[in-house]
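Welcome, and please open your viewer. We will go from stop to stop, with something to select at each one.

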Amino acid sequence: MERYDSDTERDEQETPLLHRGHEDRVQRAPVCCSSRYGLALLSCYGFFVVYSLRVNLSVAMVDMLNNTDHFSTNHSGSVCPAHASPARPNPNNTASVYDWDSETQGWILGSFFYGYILTQIPGGYLAGRLGPKWLLGFGILGTVVFTLLTPMAADLGASYLIAVRVLEGVGEGVTFPAMYTMWAAWAPPLERSRLLTISYIGAQLGTVVSLPLSGEICFYFGWTYVFYVFGIVGMVWFVLWIFLVFDSPNTHPRISEQERLYITSSLKNQLSPSTDCIPWRAIITSRPLWAIVVAHFSYNWTFYTLLTLLPTYMNDVLGFSIQQNGLLSALPYLGCAVLAVLSGQLADYLRETCHYPTVTVRKVASIIGMIGPAVFLVAAGYTGCNYTLAVTFLTISSSLGGVSASGFNINHLDIAPSYAGILLGITNTFATIPGMVGPVIARALTEKNTIEEWQTVFYIAAAINLIGASFYTMFGRGTLQPWAVHATSHGD
């Protein structure tokens, strides 16, 4: 019997065999016009909607506050000298403005995540029971409806707006667990990085488009239209999703027989024959799962801090107007989207063609995608009022974060595809906490909006990132765990 000196060495030996076994026997189905890549594109659109609805408030908030300075060419309230901007056309803008202090703003921006955290684990469980298609579809539809109600809630008061944002979070909370459950039945092992990065790039694209477009909408029409426009975009997606998507290859009426056989055969020894009895004890005590939990929590601290507060930093510190703010705030996420797709292609190439072990690819991607952002985030805090350098460092920081899309972010499907939705629900529950407390802590630390205060915010985020990367490097794994398949037994 062959002996391995470590878990990593065993991963290196087993991973190529595990992944190549069944896919070599069945002819690979073409990519062009395939159902699996059609699903990837439509789910990309879905996550575009999800993140558009999540982040548009970050820009609209600048316009909702009773502070006329941020529309003029003289941003007297910013730390750095303001940038010249064109006069704002405002012929019929009747949108209300509000006197919310920084603490109230923090609670409003973070309230979404209080609902989001509630449906993570239930979302993974219900997706396995009820099917991911309808759960994800109605989850996003609910978010769309409450987005359309946002202007009314804001007029009623901050507490009503917070309640609406919490309900939006409840709807969006099922999306990622449901999508992971769907990909467990649709993604051949050696195409996981490609398919999932295409799917989840929608989150980055939603941020990239939503931030500048929200700024333009606020500039020309008023902040209320931000929620109406993106709400309609979400309604269109829901119609397409209901008619074009199916839970598995076996239930899809238009999939080719070649593609159906290719997908089901490649997953033959990857999926549990039954998910009726969920091995909760084994899941909760799984060290590889907790490695993902720590990495996911750490990465999201930085991600959510920038996602919710970058427009505020651009306005209050760097002095960019609402129109300039959205575009510049979107640049980091454009870079993140590009590197996420490129890293997905490279990751599967290294695993399939170069036979690199899955665990090595996942760890390297996670290290680059977590330590890289930490370094440049801290550096951004020391650029002072050098606008070009500040935006450049923030862009590089978020761009490098996109590499983690091929790291810990999809490791759930490597260790337990049958329970990927539940695992994602567990890790995302912990990873939602930064979204709940991060904006509140950051706003509490930046009451005077000085550069030194923001340096503290960036240092905290960077330190948490370093801890997460170290923990995942030590305890992350890339092979199927024994509790994930009842009918077979693989080494731990």
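Where is the place of C33? Select C33 and you will find yourself in the loop between α1 (7–20) and α2. Before moving on, a word on what you are looking at: this is a predicted model, in which local features need pLDDT of at least 70 and side-chain atom pairs count only at pLDDT 80 or more, while totals for chains, interfaces and linings use all residues. Residues are numbered from 1 along each chain as its sequence is written, and side-chain values use heavy atoms, with hydrogens and water left out.

**Stop 1: C33 and the whole view**

C33 is not a glycine, yet its phi is positive, at about 65°. C33 is also exposed, with a relative accessible area of 78%. Here, exposed means over 50% relative accessible area, buried means under 20%, and partly exposed lies in between (1.4 Å probe, protein chains only).

Now zoom out. The protein has 19 helices and zero strands; helices (H or I, at least four residues) and strands (E, at least two) are DSSP runs, numbered from the N terminus. Of the 492 residues, 60% are buried. Take the contacts between residues at least 6 apart in sequence: 85% of them join residues at least 24 apart. Contact means heavy atoms within 4.5 Å.

**Stop 2: helix α2**

Select residues 35–64, which form helix α2. The end C-alpha atoms of α2 are 43 Å apart, in agreement with the 44 Å that its 30 residues should span at 1.5 Å a residue. The expected span is 1.5 Å times one less than the number of residues. Look along α2 to L53, where a kink of about 30° is centred; the bend at a residue is the angle between axes fitted to the seven residues ending there and the seven starting there. Most of α2 is covered, with 27 of its 30 residues buried.

**Stop 3: α13 beside α2**

Add residues 287–316, helix α13. The axes of α2 and α13 are 8 Å apart and the angle between the helices is about 25°. Axes are lines fitted to C-alpha atoms, for helices over the stretch in contact, and angles run from 0 to 180 degrees between N-to-C directions. α2 and α13 are therefore roughly parallel. Angles under 35 degrees count as roughly parallel, over 145 as roughly antiparallel, 65 to 115 as roughly perpendicular and the rest as oblique.

Show the side chains where they meet: Y51, R54, V55, S58, V59 and V62 from α2, facing F303, Y304, L307, T308, P311 and N315 from α13. An α-helix has 3.6 residues a turn, so residues three or four places apart point the same way. The crossing of α2 and α13 is right-handed; that is, the near helix is turned clockwise from the far one by less than a right angle, whereas anticlockwise would be left-handed.

**Stop 4: α19 and its two partners**

Keep α13 and add helix α19, residues 451–475. α13 and α19 pack at about 160°, with axes 8 Å apart. That makes the two helices roughly antiparallel, and their crossing is left-handed.

Next, bring in helix α15, residues 358–380. How do α15 and α19 cross? Their axes come within 8 Å, at roughly 165°. The contact includes I367, M370 and I371 of α15, and Y459, A462 and L466 of α19. α15 and α19 are therefore roughly antiparallel, with a left-handed crossing.

**Stop 5: three loop residues**

Select H355, in the loop between α14 (322–352) and α15. Its phi is positive, near 60°, in a residue other than glycine. H355 is partly exposed, at 39% relative accessibility.

Then go to H252, in the loop between α10 (224–244) and α11 (257–266). Is H252 buried or exposed? H252 is buried, at 13% relative accessible area. Leaving aside neighbours within four places in sequence, H252 is in contact with S35, W186, L244 and F246.

F221 sits in the loop between α9 (192–220) and α10, and is exposed at 53%.

**Last stop: helix α18**

Finish on residues 420–445, helix α18. Find V437, where a kink of about 35° lies shortly before the proline P439. Of the 26 residues in α18, 19 are buried.
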